Amino acid sequence: MIQLIRGFKDILPGEVELWQQIEKVARQLFDDFGFKEIRIPIMERTELFKRSIGEDTDIVEKEMYTFPDRKGDLITLRPEATASIVRAYIQHKLFAKDPVQKFYLLGPMFRRERPQKGRYRQFYQIDAEIFGVASPLVDVQLILMLVTLFNRLQVPDISAHINTLGCPKCRPGFKSALQAMLMTVSDNLCSNCIRRRDRNPLRVLDCKVPACRQALKDAPSILDHLCSECQADFTEVRNSLDKLKVPYVIDKRLVRGLDYYARTTFEIQTGSLGAQSAVAGGGRYDGLVKELGGPQIPATGFAIGFDRLAEISGLQTSDYERKPDIYLAALGEKSQSLAFEWICQLGLAGIGAEMDFSDKSLKSQMKRADRLGASYVLILGDKELDEGKALVRNMATKEQTSVSLNNILENLKKVIYR
Ligand code: HAM
């Protein structure tokens with residue numbers, strides 16, 4: 001039998017209902033905050049991700065699904081959405097009328113990481129981006145939206161971690177200080193960190209290897225190297241979060257795995273996902289629109305890991321599963337053909353109706369109605385056809401109501417909607 005590809009997964013009925021509910025709650029929130037949905041392709045030119053996410057990141061170095069197409073052009077299955085949304089914003093000159101634009105996107109992303117709980121090779125993100133606002137207040141608004149969404153979805157044990165990565169003015173000073181410190185502890189760093197030390201030293205701060213974490217105990221903090229603008233910016237973020245009563249933790253090690261960030265960065269972390277503690281992440285990327293060929297327009301955003309969110313949401317799938325309103329237990333050919341007409345008409349009228357098509361016994365039909373969780377069952381056999389009436393049973397209370405078969409659809413509606 002052909003199995004699905006490692007790291008990919010099916011989302012089956014029974015789980016999909018929960019995903020739909022999460023989507024519904026998320027869409028409502030985005031709508032309330034003035035975000036518009038955007039849909040973009042799942043493949044882009046490889047160059048787009050290389051230039052935005054950064055050549056020295058794990059994603060670009062080893063996790064992208066990149067293929068030559070039939071003409072030899074390199075294309076990549078999107079590992080994230082931000083780069084493509086920026087591309088679309090520039091390509092369609094969406095800034096021309098008003099640079100301030102807010103987008104959200106739901107969809108699959110692809111990264112060839114080592115699969116484990118909470119980490120897949122095709123995973124889904126709920127992504128939000130704000131273009132054209134330099135004020136750090138919108139970063140705060142994004143964090144508020146994340147925390148609100150997680151609360152509405154009854155996610156337990158979350159905390160918002162925030163940091164700043166400085167700007168092109170002050171970050172180089174921090175990088176040099178960090179690099180100098182890393183030189184002194186090189187013997188204790190893993191080979192990955194040694195490589196990163198020279199090319200992308202900030203990423204070393206994020207290494208999960210215990211020996212590296214220990215060696216970096218006294219690493220310099222970006223917070224001590226900020227220029228006055230970045231300092232003021234980060235203070236405003238903190239003051240505004242305090243005002244809105246959004247709890248947060250300042251996490252000077254939070255550096256994120258993509259290179260386009262500057263200033264505020266944040267993650268929502270949870271205690272309930274084991275090693276994959278980040279259920280959402282984001283931050284400001286003021287240089288990316290220009291870097292990708294557009295005007296100098298500031299931007300900020302986040303992405304939530306949908307799969308992780310579904311795993312830790314307190315909502316129950318069973319609360320959102322649609323069950324049949326009525327099951328027509330039809331016995332004999334005549335009843336069955338009548339029942340078929342009725343289930344079609346009931347379906348068209350928005351009433352979920354099921355039946356059995358293989359003339360099973362009443363007992364086995366009742367069992368199936370029960371298994372499907374039907375709210376009502378109508379029993380229809382020759383006797384009922386002769387008498388022109390049938391019994392409708394309320395499966396929860398066991399109460400039975402006799403209904404006339406004349407004008408049956410209206411009579412059933414009356415019972416069901418009573
Ligand atoms: P990211 O931190 O790479 O950021 O991904 C965001 C979230 O996607 C993570 O916190 C995690 O929950 C989920 N995620 C990432 N990789 C996987 C995986 N292999 N399996 C399951 N879930 C995963 C970004 O993608 C940025 N584009 C976010 C952003 C938007 N920044 C600004 N705007």
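1. Starting point: Arg-213. A residue is partly exposed when its relative accessible area lies between the buried limit, under 20%, and the exposed limit, over 50%. Arg-213 has 35% relative accessibility, so Arg-213 counts as partly exposed. This is a predicted model. Arg-213 sits in helix H8. The contacts of Arg-213, leaving out residues up to four places away in sequence, are Leu-205, Asp-206, Cys-207, Lys-208 and Arg-253. Leu-189 lies 24 residues from Arg-213 in sequence, with 8.8 Å between the two C-alpha atoms.

2. A second arginine. Is Arg-263 buried or exposed? Arg-263 has 19% relative accessibility, so Arg-263 counts as buried. The cut-off here is under 20%. Arg-263 belongs to the loop between strand S8 (248-250) and S9. Beyond residues up to four places away in sequence, Arg-263 touches Asn-163, Thr-164, Leu-165, Gly-166 and Cys-167. Arg-263 also touches Glu-229, Cys-230, Asp-233 and Arg-284.

3. Strand S9. The loop of Arg-263 leads to this strand. S9 covers residues 264-270, and 7 of its 7 residues are buried. Both faces are covered. On one side are Thr-264, Phe-266, Ile-268 and Thr-270. On the other are Thr-265, Glu-267 and Gln-269.

4. Partners of S9. Strand S7 (residues 158-164) runs antiparallel to S9, with 7 bridges between them. Opposite Glu-267 in S9 stands His-161. Strand S10 (residues 278-284) also pairs with S9 in the antiparallel sense, over 5 bridges. Phe-266 has Gly-282 of S10 as its bridge partner.

5. Largest nonpolar core. This core has 55 residues. Which of them touch the most other members? They are Ile-85, Val-86 and Phe-131. Four of the elements that give two or more residues are helix H2 (46-53), helix H3 (58-63), strand S5 (101-110) and strand S6 (122-131). The others are helix H4 (82-91), helix H6 (171-184), helix H8 (210-215) and helix H10 (288-291). H4 supplies the largest share, 6 residues. Val-86 touches Phe-131, Tyr-285, Leu-288, Val-289 and Leu-292, not counting residues up to four places away in sequence.

6. Second core. A separate core holds 43 residues. Its members include Trp-19, Leu-146, Ala-160 and Phe-302.

7. Helix H4. H4 is mostly covered, with 9 of its 10 residues buried. Thr-82, Ala-83, Ser-84, Ile-85 and Val-86 are among the buried ones. Arg-87, Ala-88, Tyr-89 and Ile-90 are buried too. The buried residues pack against strand S2 (43-45), H2, S5, S6 and H10. After H4 comes Lys-93, with a positive phi near 50 degrees.

8. Cysteines. How many disulfides does the structure hold? The count is 0. For Cys-170, the closest cysteine sulfur is in Cys-227, at 3.8 Å, which is too far for a bond. The limit for a disulfide is 2.5 Å between sulfur atoms. Cys-170 is buried, because its relative accessibility is 7%. For Cys-190, the closest cysteine sulfur is in Cys-193, and the 3.6 Å gap is too far for a bond.

9. Domains. The domain assignment splits the protein chain into domain 1 (16-170 + 226-317) and domain 2 (323-417). Their centres, taken over C-alpha atoms, are 50 Å apart.

10. Open sheet. Its 5 strands follow the order S13-S12-S14-S15-S16, with mixed pairing. Strand S13 (353-355) and strand S16 (400-404) are the edges, and each pairs on one side only. From one strand to the next, the twist averages 25 degrees. Strand S15 (residues 389-394) and S16 run antiparallel and are joined by 5 bridges. Ala-390 faces Val-403 of S16 across this pairing.

11. Helix on the sheet. Helix H15 (residues 408-416) packs on this sheet. H15 touches strand S12 (326-330), strand S14 (376-380), S15 and S16. The direction of H15 makes about 155 degrees with that of S16.

Notes: Residues numbered from 1 in each chain as written. Predicted model: local features only at pLDDT ≥ 70, side-chain atom pairs only at ≥ 80, totals over all residues. Heavy atoms only, no water. Core = buried A, V, L, I, M, F, W, Y, C linked by side-chain atoms within 4.5 Å. Buried < 20%, exposed > 50% of the residue type's maximum accessible area, 1.4 Å probe, protein only. Contact = heavy atoms within 4.5 Å. Domains from an automatic or database assignment. Pairing = 2+ DSSP bridges. Axes fitted to C-alpha atoms, helices over the stretch in contact; angles between N-to-C directions.
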